[in-house]
Amino acid sequence: MLLLLLGIIVLHVAVLVLLFVSTIVSQWIVGNGHATDLWQNCSTSSSGNVHHCFSSSPNEWLQSVQATMILSIIFSVLSLFLFFCQLFTLTKGGRFYITGIFQILAGLCVMSAAAIYTVRHPEWHLNSDYSYGFAYILAWVAFPLALLSGVIYVILRKRE
């Protein structure tokens with residue numbers, strides 16, 4: 001049982017790290033000396049030095065992506081906190097429903113954010129010189145892991 005709890009905690013922390021990195025790092029779209037993320041657009045030189053960074057456009061779809069990524073982090077942190085609270089207060093045989101629901105919500109939020117970004121980002125559709133960066137891919141990797149973690153929490157029963 002202790003190994004199972006340790007594995008669940010490691011999976012949850014891995015999801016949190018993926019969510020934080022994909023939200024913070026400026027690598028959602030890269031190409032032609034430019035790197036774009038949810039917060040700013042930066043131009044770089046051939047040696048990799050950053051020249052100029054401008055804040056991203058105030059598009060409503062980009063603000064919804066920002067909001068859902070932040071919500072996914074909040075739901076995942078709240079889920080981890082609730083897991084530790086329920087671990088010590090839940091009766092024997094009880095299930096971690098609340099923890100699982102918040103983790104599933106985190107997974108759905110990151111999926112929504114990545115899907116909106118995929119559909120609405122104009123540079124990807126108009127210019128083939130741009131490609132998705134690693135932070136964008138990490139967001140998509142965090143989605144199934146968060147859902148898996150949430151389902152495991154819902155199925156898990158507390159034992160003594």
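**View 1. Residues 65–84 form a span that is 100% helix and 0% strand in this predicted model.** The C-alpha atoms at its two ends are 29 Å apart. UniProt, in an unreviewed entry, lists residues 65–84 as "transmembrane region".

**View 2. Residues 96–117 are 95% helix and 0% strand.** Here the end C-alpha atoms lie 32 Å apart. The same unreviewed UniProt entry gives "transmembrane region" for 96–117, and also for 137–156.

**View 3. The largest nonpolar core holds 22 residues.** Leu19, Trp28, Leu38, Val65, Met69, Val110 and Tyr117 touch the most other members. Four elements give two or more residues each to this core: helix 1 (2–24), helix 2 (60–89), helix 3 (97–120) and helix 5 (134–155). Helix 5 supplies the largest share, 6 residues.

**View 4. Leu19 and its contacts beyond four places in sequence.** Leu19 is in contact with Met69, Ser72, Ile73 and Ser76. Val110 and Ala142 are also among the contacts of Leu19. Of this group, Leu19, Met69 and Val110 are among the core residues that touch the most other members.

**View 5. A second core of 8 residues is separate from the largest one.** Its members include Ile8, Phe83, Leu90 and Tyr153.

**View 6. Gln86 sits in helix 2.** Its relative accessible area is 12%, so Gln86 counts as buried, the cut-off being under 20%. The Gln86 side chain makes a polar contact with the side chain of Thr99, at 2.6 Å.

Conventions:
Residues numbered from 1 in each chain as written. Predicted model: local features only at pLDDT ≥ 70, side-chain atom pairs only at ≥ 80, totals over all residues. Heavy atoms only, no water. Core = buried A, V, L, I, M, F, W, Y, C linked by side-chain atoms within 4.5 Å. Buried < 20%, exposed > 50% of the residue type's maximum accessible area, 1.4 Å probe, protein only. Contact = heavy atoms within 4.5 Å. Polar contact = N/O pair within 3.5 Å; in protein donor to acceptor, adjacent residues only side chain to side chain. UniProt positions renumbered as here; feature names shortened; annotations may be inferred.
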